[in-house]
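Reader: I have a model open on my screen and would like to talk it through with you. Could we start with the charged contacts and then move on to the fold?

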Amino acid sequence: MSLSLLFSFITVATLYPDTFAEYAKTALAFTTTHFGWLYLFVTTGFLVFCISIALSNYGLIRLGADGEAPEFSYLSWLGMIFSAGMGVGLVFWGVAEPMTHYANPPFGSTLPHSPESASLAMRYSLFHWGFHQWANFAVVGLAIAYVRFRQQRAGLISEAFRSTLGDRVDGSMGHMINVLAVVSTVFGVATTLGLGIIQINSGMFSVFNLEFGISSQLAILGGIGLIFLLCSLAPLESGIRYMSDLNMWLAGLLLIFVFFAGPTDFITGSMTNAIGDYFSNLIGMSFVMTPYSGEDWVERWTIFYWAWGLSWAPFVGTFIARISRGRTIREFIFGVIGMPVLLSTLWFATFGGSAMYFEIFQNANIAETVSNEISAGLFALLDLLPGSEILAVLMLVLIILFVVTSANSATFVLGMFTGKGALIPRPWLRFTFGIVQILVAAVLLMSGGLSSLQTISIVAAFPFMILMVFMASALLKSLKNEQRQIELHEALMRERLQRIIEEHEKAETSQ
């Protein structure tokens, strides 16, 4: 059914692109106008939920048998989380978002191109790539990992609802939940795939003078698609894992180089300031809306990011669950919402901070470059650093690796969803969904580029967001049930031990 819905979408959007764009715009306006507040409350609620679970006694429960060792090393685990999660997005927005907010401050609250707008730009960049975003992934990932490895059931989204829906998850209701997860995943991954293709096109224009436009982007999409389709046929251990490790090494090397070759003192200063601003304004930013001015900044930025994360959640969450066997719940949550946020902060401080320095103190016009073409900011920054030509090529390789890894991971998860939760999905399923991802990304690129990608993310994420609220409730019920069983078992063991001691004492007394 999910394939039928997706191919119907592809057909309609291809045959009637203008009508599709108009309906998508109407759906976006309706969703953000009437339910924008709900995205903010739900996403913040997921963050509070995750931290509460991690700090409670539930955090000691292992995602697997008691005493079971983790399947992957800690560094490989983090590398796969980061690559499948937001690697493409960080590269795309690392320079573009701070520069955009610097030139056009949120809510018009301060003067453009001012120290205040620079501080605000870095604060909101950290906020959009911080704890909220990763809490979305942690909720789904924890629910799936718990039912798959702790309760030894199929790794399907629907299985996470068995504690509340019972055997109904085996029927049409469970089927509809899984179909919704598949559709949401495809649209979320298509958004990231599209952003990555636009960024690659921008890099190829900078390095090889390849024309920037839809024809080039479709050609790049075809080439990237061929690569990840071939990679999708490889096992997890020899495919995604090693590519993720390569991603992390290359991203780390580029990050270290830019940190030290760029304005290091400015980077550390702006990072410290941004972290302080982020934590001191976290609650306010989490719930800000603009009912008095009618401004749409929140819809275009914060709600887009939260919706993008929500639409990614079934994919990233399930993939993280697949690689997290043997971790405790506490280790899982702090690993998923902790370390990636630390890396995101360092990335934005290094790349966004460097761009801010060159913009403020050397009049580099990076903000104007971003205004003209949002994906060009990264390579405009690299042009100002030593060894810019080599740096640009390496960054281009990194983006390609991130895109391939994300798409490859998605084919793996979609194969699990449609293959009854099998840990090793059949190759033809992964290949089929790889084709679907390519077609959906192509349709979205042709029907409006970045604007279309943002629109479909927000609209497609809404129904899955509602589903995730019930998923979190079902997970909490499962954890409470297990805790009761543990307490009951401990009580029985204490009672049995007490009885043995009493019988022993009676025996000694009688002697």
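**Salt bridges and overall fold**

Author: E159 and R162 form a salt bridge, with their closest N and O atoms 2.9 Å apart; the term stands for a side-chain nitrogen of Lys or Arg within 4 Å of a carboxyl oxygen of Asp or Glu. This is a predicted model, in which local features need pLDDT of at least 70 and side-chain atom pairs count only at pLDDT 80 or more, while totals for chains, interfaces and linings use all residues. Residues are numbered from 1 along each chain as its sequence is written, and side-chain values use heavy atoms, with hydrogens and water left out.

Reader: Is E159 buried or exposed?

Author: E159 is buried, its relative accessible area being 9%, where buried means under 20%, exposed over 50% and partly exposed in between, with a 1.4 Å probe and protein chains only.

Reader: And what does D167 do with R162?

Author: The side chains of D167 and R162 also meet in a salt bridge, at 3.5 Å from N to O, but D167 is exposed, with a relative accessible area of 61%. A network of salt bridges links R153, E159, R162, D167 and D170.

Reader: How many salt bridges does the count come to?

Author: By that rule the count comes to 11 salt bridges.

Reader: Which side chain does R150 meet in a salt bridge?

Author: The partner of R150 is the side chain of E482, at 2.7 Å from N to O. R150 lies in helix α6 (residues 131–150) and E482 in helix α20 (residues 450–510), so the pair ties together parts that are 332 residues apart in sequence. Helices here are DSSP runs of H or I with at least four residues, strands are runs of E with at least two, and both are numbered from the N terminus. E482 counts as buried, at 10% relative accessibility.

Reader: Staying with α6, what is N136 in contact with, leaving aside its neighbours within four places in sequence?

Author: N136, which is found in helix α6, counts as buried at 0% relative accessibility. With those neighbours left aside, N136 is in contact (heavy atoms within 4.5 Å) with T43, F46, W306, G309, L310, A313 and M468.

Reader: Zooming out, how many helices and strands are there in the chain?

Author: The chain has 20 helices and 0 strands. Of the contacts with a separation of 6 or more, 83% are between residues 24 or more positions apart, and buried residues make up 58% of the 511 residues.

Reader: What does the chain span along its principal axes?

Author: The C-alpha trace spans about 95 × 50 × 50 Å along those axes. The radius of gyration of the chain is 24 Å, which agrees with the value near 24 Å that a compact globule of 511 residues would have; the radius is taken over C-alpha atoms, and the globule rule is 2.2 Å times the number of residues to the power 0.38.

Reader: Changing topic, which residue in the loop between α4 and α5 should I look at for its backbone?

Author: H113 is found in that loop, between α4 (87–103) and α5 (115–128), and its phi is near 55°, a positive value in a residue other than glycine. H113 counts as partly exposed, at 45% relative accessibility.

Reader: And where is N365?

Author: N365 sits in the loop between α15 (339–362) and α16 (366–372). N365 has a positive phi of about 60° although it is not a glycine, and at 41% relative accessibility N365 counts as partly exposed.
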